[in-house]
Amino acid sequence: MNQTMTTRAAGAVLSGDELEFATFYVGNILLGLDIQQIEEINRQLAMTAAPHAPHFVRGVVNLRGEVATVVDLRAILGMPPVEITDQSRNVVVNSRGERIGLLVDRIGDVVRAVTADIEPPPANVSGVDGRFFKGVCKLEKELLVILDVEEALAGSPPPQERSDN
Amino acid sequence: MAIDNQDIVAEFVQESREHLADIENDLLAIEAAGAQIDLELVNKVFRSVHSVKGAAGFLGLTRIGELAHGLENVLNLIRNREMVPTSAVVDLLLRAADALRNMINSVETSNETDVSALVTALKNVIAGGTSTDTQKKMQRTVAVGEGTHSFVVTEHLLASQKAMGNQLYVIDFDLITDVEKKGKKPLDLVRELISCGELLDSRICQDAWGGLEDPLPESIRFMVLLGTVLDSRAMVSQAFGLDESKIEGPLSAPIGTDPPQAAPAVAAPPADPAPAGSAAPPQAPVSAPTPAPAPFASVASAPPPPAATKPAASPAPSRQESQPAETSVRVSVSVLDRLMNLAGELVLGRNQLLQTINARNHDSLESVGARLNQVTSELQEAIMQTRMQPIGTVFNKFPRVVRDLSGKLGKQCELVVEGKDVELDKSIIEAIGDPLTHLVRNAVDHGIEAPEARKAAGKNPVGRIVLRAFHQAGKVNISISDDGAGINSARLREKAVNMGLISREQAREMSEREAVRLIMHPGLSTAEKVTDVSGRGVGMDVVKTNIERLGGTVDIETQLGQGTTISVKLPLTLAIIPSLIVRCGDERYAMPQVSINELVRISAGEIASRIEKVKDAEVMRLRGSLLPLVRLSTALGIASKYLDPVPAVLEDNQRVNLADRRAGREPPPEVLDRRGGDDRRGDTAPGALNVIVVETGQLRYGLVVDGLHDSEEIVVKPLGRHLKGCPCLAGATILGDGKVALILDAASIAAHCQLAVPQTEEHEADRQAQAGGHEAQMALLFTNDPSELFAVPMGLIARIERIRAEQIDSVGGQEVLQYRGASLPLISLHDLLTARPRPQQSHYYVIVFRVGRQKQEIGLVAPQLVDIREISTELDTLTFRETGVLGSLVVDQKAARVLDLFELAQKAHPTWFAGPAAVAEAASAAAAGAQVLFAEDSAFFRKQVTSFLTDSGYSVTACEDGLEAWNTLLAGKQTFDVVVTDIEMPNLDGYELTRRIKQDPRFCHLPVIAVTSLAGQEDVRRGSEAGVDDYQIKLDRDQLLASVARYAKAAAAART
C-alpha cells in the first residue's frame, strides 16, 4: 500500500529543456511539481494535530524519526476542507532544508513537458490566486498548473480571523 | 599561498583554539603575579602562542604568524625576566590574543586583516619595557646557516636560545617524501618539531612551486630553523627519522664566519654597530619609523602618565564577537570503545529479536526486550557522556570580563570561581554563555559599589563575586553572588508603578521576593545611569527567557547592602528529557518532569469542595492554599474528552522515582475502552479531575488534563517553521508507537492563559509548609484488605510498579514477580503481620524498596493505594506492637499502621540478614557505651535511628541539624567516637558538617557516617570529597549498626 517514490527513480535521460513533473489533484486542479523537488510520496496520514498552528497546517507526522509538518494544500489554495480518503496522499517536499508534507486529494501521472510549452500563469486558475503558481502547461486533455512550493508554504492569510482562546 | 587543504586548515583552527582557550586566564594570572614571574605559566602561554605561530607559518597564514610572533617576543622577554608584566603590558597582550583568536576564527580572511597597529604596539612595548642593550639585540639581526639553509634572526633570539642551552639546527624537510609518503600530516610535523624544541623560523622553498598546469612537484622543500636541547646531529636525525645529510648543525657559536653577511659571533655581544647595521635592513624599515619609543617608554613604570593609559582607554575590544560553535568534540578512546561494545551488543540484541520473532517464541520475547532495553539505556548514557563538557569552558572567560569591566567602571572586583569541572551537555554549554556573561556583568556594574562607597559602608573596597557551579537533585545549579549593594526593592516597586506595570496597591501588597522578581520584567532596570555596559533595561528579562528556554529557572535573593545571589538551575541535558505523557482530547502530549511538582487527583465527590471560582478563574485548594487552574483543553483550544484515568493514585513526583519506570507501558486496555466520547467539561463532570501541579520558576499552577499515561524518557525533536512560534508548545517527540506527541511548555501555557502571579502570601505559605515541615513525614498510604490502612515512609520507597495479577508466580512457597526479564521477590502483609488477606484483583501495586548491602530489591504487594500524605511523626508504639510495625497513627479517623520495611524484609528472608546482623551484634557488644553524635532534621528518622542505636548500647546525642551538631562538638562537653549525619539538612548540611569536622584538627579523627534515604552515586562522590567515611541507608538498621560498630570499635581501639 505504501507508495513511495524517490527523487531519482526516473532513469530516463531528459533533454536539456525537458522537465518531469509529478502531478496531483487538489480539488479539480491538476497541479504539478518538478520531480526533483519531491522527496517521497506516501500514505502516512495518521497525523498529530498541532494546536495554535496556522490554519493550513493539518498536523505533524513521524517521517522516519523526523517530525515533519503536513500542510493542507486545499486550505492554502482557499478551497473548502475535505475528509481524508483512500486516495489522499502526503507529498513530501524539501523546502529550505526542512521536510514538509503537502496533503493532496489524489496522485496523477508523471508528466514530461518542454520548458518552451510552459506559459506564465493567469491571474487566477479556477478561482485560485495565481501567485501560488509558476506557470501552466497544456496537456492533451487538461491543464497542468505548476505549483510554486515556496510561495504556497509562505502561507496565505486565514480566510477568517481565528480566535486562539 | 599554501592554504589549499581545507582539512589541514580546519585542524589548525581547532588546535589553535585549544591552544588559546586558557590564554586569557593565564595572562591574568601572569598579571596578578607581577614581578614574581611564574616561569611555568609564562612558558605555557609561550608554548601555546609558539605552536600557533609554527603552524601558521607553515600554512602561509602570514598575518597570524606575524602577530603570534610579536606576542611571542614579548612573552619571551617576560620569560627571561627582562620585562615586568605590568597591567598595561598584559592589556596589550590580551588585545593581541583577542585579535589572534578572531583571525583564527575567520581564518580565510586572516591574511587581509590589518595587524600592523598591534604588531607595532607589541614592538613598542618591547622598546619601552626593556634595557637598551636588549633593545639593540632585538633590532640587530644575524644570519645563521649557509646558502639556501641560511636564516636571518635577531641576536636576542640567538642569545636567549643559548641561555636555555639550546643548539641550533637547520633541517631540510621534503614535504613529499618525508611527510606525505610517511603517512604523516604536515601539522604533525610542526607538532613534532615543537615537541623537540623551539621552531625559530621556517620557510617553504618558493622555487619548488610550479604553475597550475605542472604536474605535482616531486618535492617541496620545507626549511626549519630549530632550537633544541638535542646536542648532536645524530640525535636530531633520529628524532625526525631523517638522513643526517638533511640536517645542518649544531650551528654553534660563531656561525657568521663564512657567510657573506658576516654576522657577528653570537657569543660576543657586538661592540661595533657596523655588521649589525648591514644585517639589519630587512628589519629596519619596521622598527625604524617607530615614533621614538617615548609614548610607551613608561609602560613598565608604575605611575601611569597619560600615554600609558592609552591601551586601556582605547575603544574596548569587542569581546562579544560571535564565538563560533564548536564543530568537533574530543572523545576519549575508552568511551569510543565502550560505544563500540554497546553497538555490538545492540546488533546481537537485534539478531536475537529477529530470531525470536521468526520462531514465534513469545516466551523469550520478554527477555530479549529486557536486554535491548538495557543496552539502549547504556548506549544512551554513553553517548550522552560524549556530549558532556565541563562548564569551565564558559567560566574561563569571566575573569577577563570582570577585570576589563571593573577597570572601565573604576571598581575593584575579585572573582572566585568554583566547580569548573561540573559537566553539562554541549548544547547547554553553548547556550548558557551569553546569559551568564550578562549576569556577571550585572554583578560588576550594578552589584559591586565603587570603592569609596564600599569603604564608606565599612566593606572591603575590593568587591567579591563568587561564581559557583554544582550538582543538585539531578540538575546543575549555577550561582552568581556578589557582596555589593543588593537590589533596592522599594525603588523597583516605584519604578514598576511609574511605568504602569502594576498598580500602587499591588506594589504595596507585593512580597519582598516578588518585588525583587520585578527586575526580570521587560523594561525594568535599576541602574541610576545608563551605561554602555548595562542599565538599558534590557537584560534580566532576556536572561530569564533564555534560561527558561533551556528548561532552567532563575531565582534572585538579595539583601540591601549585603549583596545579591542569582541562582540558575539547569537540566543536565536537553536532548533527552524524562516526561509524563498526558492525554487531552484525542492526542497525547509530553510534559517535561522538570516542570512537574506533583500529580493530584480530585475525585468526583471532592470537586465541589476543592475547586472554586474566583471571578472567572478556577482555583484549587491544595494543602490549605489556592492554586490557579488551567484546563489544557482550553489552553490548546481543543475539545476535551473525558476518560476515566488509571485508578486513584496520588503521587508525589519528588519521591517516587518516576524516571525508573520508563519502560513504555501503555495503560491497561480496558481503561482506554471506557472512553466517554462526549465533552463533559466543567465543574459538573461526573468523574475525577487529573491535575498536574506545574512550577515554572515564579509561578505554580494546576494543569487539568483528560488522562495520565506513563512516564517516558523522550527525545526532543524540533518543530518545523510553521509551528515554531506556536504558544504552549516546546517541541515534539516520537512515542513508542511511532506517533508524534507535542511537548508542552509550562511557562508558555501560563503566559498564553495570562495567568497572574497568584495570591503570593498563600503561595509562599505553602512553599514554607512544604520546605519546613520538619516534624512531618511524607508517607504512602495503602490498604491490604480494604478495611486496614498501612503507611510506608516515602523516603524508603525506590519506586512503585503496577502489575497484573498473573505476573505473580509462586516458587517454593515464595511469591516472585516476573518482570523486565528478572524476578523480584515479593512479600505480602498477611503472611507477615496479623492482617487480613488481600482481595483478589486483576491488578496490584508493588512498592519496591532496597535492603541490605547488596541493595537487594524487594516488592511489597499493596493492593490499593490511597494517598500520599504528610503524617505526624508522633507514633503510638504500643497499640499495634509487633515485628514489622513501627507504630500507628490516626489518618482520617482511621488507624494506620506504619510499617518497618526492613523488619518485614528480615522476617520474610531471615537468611539475607543473618551475616551482617550477627557481626553487628558481636561488634556492638564490644563497642557498647560508645558515644554517637547524630544529626538529622527529620524527627521521624531521628527517633527511629536514635532508638535502635540506643537499644544496641550506644549513647546517642541527637541534633536537629548540622549546625547544632557542630556547636555540640565545639562545646566540647562530651567526646564522641562516631558521627552519624543526614545529608539534606537546613542551616548546615551533612557535606558541610563533614568538611568542617575533617578540616578541624581537633575533630578530624572522628569517623563520619552519612545516612540518606537513597544514596545516588553523585551523593557518594560528593560525600567522599567532603570526607565521609561511610554511606548508609536510613533505617537499614543492620547495615547502619554494623557500620557504626565498625567505626566505634576502631575509635575505641585508637583511644586505648
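Visitor: Why are helix 1 and helix 3 of chain B called roughly antiparallel?

Guide: Helix 1 (residues 6-21) and helix 3 (residues 39-59) of chain B pack at about 165°, axes 9 Å apart. Angles over 145 degrees count as roughly antiparallel, under 35 as roughly parallel, 65 to 115 as roughly perpendicular and the rest as oblique, so helix 1 of chain B is roughly antiparallel to helix 3 of chain B. The axes are lines fitted to C-alpha atoms over the stretch in contact, and angles run from 0 to 180 degrees between N-to-C directions. Keep in mind that this is a predicted model, where local features need pLDDT of at least 70 and side-chain atom pairs count only at 80 or more, while totals for chains, interfaces and linings use all residues. Residues are numbered from 1 along each chain as its sequence is written, with chains lettered from A and ligands numbered from 1 in the order in which they are written.

Visitor: What makes something a helix or a strand here?

Guide: Both are DSSP runs numbered from the N terminus: H or I over at least four residues for helices, E over at least two for strands.

Visitor: Which residues of helix 1 of chain B meet helix 3 of chain B?

Guide: Among them are B:Phe12 and B:Leu20, and on the helix 3 side B:Val52 and B:Leu59 are included. Contact means C-beta atoms, placed from the backbone, within 7 Å. By class, this contact has seven nonpolar, four polar and no charged residues; Ala, Val, Leu, Ile, Met, Phe, Trp, Tyr, Cys and Pro count as nonpolar, Asp, Glu, Lys and Arg as charged, and the others, Gly among them, as polar.

Visitor: Why is helix 1 of chain B also roughly antiparallel to helix 5 of chain B?

Guide: Helix 1 packs against helix 5 (residues 87-105) of chain B at about 160°, axes 10 Å apart. That angle makes the two roughly antiparallel. By class, their contact has five nonpolar, one polar and two charged residues.

Visitor: How do you know that strand 3 and strand 5 of chain B pair?

Guide: Pairing takes at least two DSSP bridges, and strand 3 (residues 167-174) and strand 5 (residues 221-228) of chain B have eight, in the antiparallel sense. B:Leu168, for one, stands opposite B:Gly227 in strand 5 of chain B.

Visitor: What makes strand 4 and strand 6 of chain B edge strands?

Guide: The open sheet runs 4-5-3-6 in chain B, with antiparallel pairing. Strand 4 (197-204) and strand 6 (247-248) of chain B each have a single partner strand, so one side of each is left without a neighbour in the sheet.

Key. Two residues are in contact if their C-beta atoms, placed from the backbone, lie within 7 Å.
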